[in-house]
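Colleague: Could you walk me through this model, with a close look at what surrounds ligand 2? I would like to see that part set in the context of the whole chain.

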Amino acid sequence: MTVYGLLVDYEWCTGCQSCEVSCKEEHGYPVGKWGIRVLEDGPWEIDDTQANWNKIPVPSDLCDLCANRTAQGRQPICVHHCLADVLQYGPVEELVKRFEEKPKQALFVPQFKPKEARGAFVSKNRAAGKVASFAAVAVEANTDFDIAGHRRPDEEVEADMAVSVILTDSIKTRSEDE
Ligand code: SF4
Ligand code: SF4
């Protein structure tokens, strides 16, 4: 069986994250889940003239090597959208030959975990039963603070100051999803 993978020529990765976004859009992954992430190390000085600063895209366990696209003879969407031509898709036995051409390359053979295995996306709050929170708010008008009283007739200001409002409604709010 032919095994396929992604060859990453990370010398030229700009960290633009087009691979991340296009993969996420293509697969409809929810907030916080990705098919590929761009990891970064640096910048830090090696010596007075050189620095280390590497960005390298790493497929996650949600990378299926764009099975739907590649079955139609198309390139994976991350390869298609990488303007720096960092990513190459193909049979592993072909990709490994390119290791001899230059340094700063990495080969990934992702292990896809299908949707049935990873389950539906559920908010951590909901899963923990934190569905709702309650707030009882009581507000009383501050009668010690004269707001712009210098611009209004005394009688009007005094009438306003006499007003005392108490709100006893309970406000139910649903906690936000992550
Ligand atoms: S691999 Fe390509 S698309 Fe992804 S961050 Fe690097 S340059 Fe951008
Ligand atoms: S090959 Fe497809 S699934 Fe894998 S990282 Fe690239 S876009 Fe995502």
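Modeller: Happy to. Helices, of at least four residues, and strands, of at least two, are DSSP runs, numbered from the N terminus. Please keep in mind that this is a predicted model. Read that way, the protein has seven helices and seven strands, and from the N terminus on they follow the order β-α-β-β-α-α-β-α-β-α-α-β-α-β.

Now to your ligand. The shell around ligand 2 includes four cysteines, Cys23, Cys63, Cys66 and Cys78. Glu26, Gly35, Ile36, Pro59, Asp64, Leu65, Pro76 and Ile77 complete the list. Two helices, H1 (18-27) and H3 (77-81), each give at least two residues to this shell. By class, nine residues around ligand 2 are nonpolar, one is polar and two are charged.

Ligand 1 makes a useful comparison. It is surrounded by 14 residues, with Cys13, Cys16, Ser18, Cys19 and Cys82 the closest. Around ligand 1 there are nine nonpolar and five polar residues, but no charged ones.

For the wider setting, look at the open sheet of three strands, ordered S4-S1-S5 with antiparallel pairing. Its edges are S4 (87-91) and S5 (106-108), each pairing on one side only. Neighbouring strands in this sheet are turned by 30 degrees against each other on average, direction ignored. S1 (residues 4-8) and S5 are joined by three bridges, and Leu7 stands opposite Leu107 in S5.

Across the protein, 13% of the 178 residues count as buried. Among contacts between residues at least 6 apart in sequence, 66% join residues at least 24 apart.

Key
Residues numbered from 1 in each chain as written. Chains lettered and ligands numbered in written order. Predicted model: local features only at pLDDT ≥ 70, side-chain atom pairs only at ≥ 80, totals over all residues. Near = placed C-beta within 6 Å. Nonpolar A, V, L, I, M, F, W, Y, C, P; charged D, E, K, R; others polar. Buried ≥ 20, exposed ≤ 12 C-beta atoms within 10 Å, placed from the backbone. Contact = placed C-beta atoms within 7 Å. Pairing = 2+ DSSP bridges. Axes fitted to C-alpha atoms, helices over the stretch in contact; angles between N-to-C directions.
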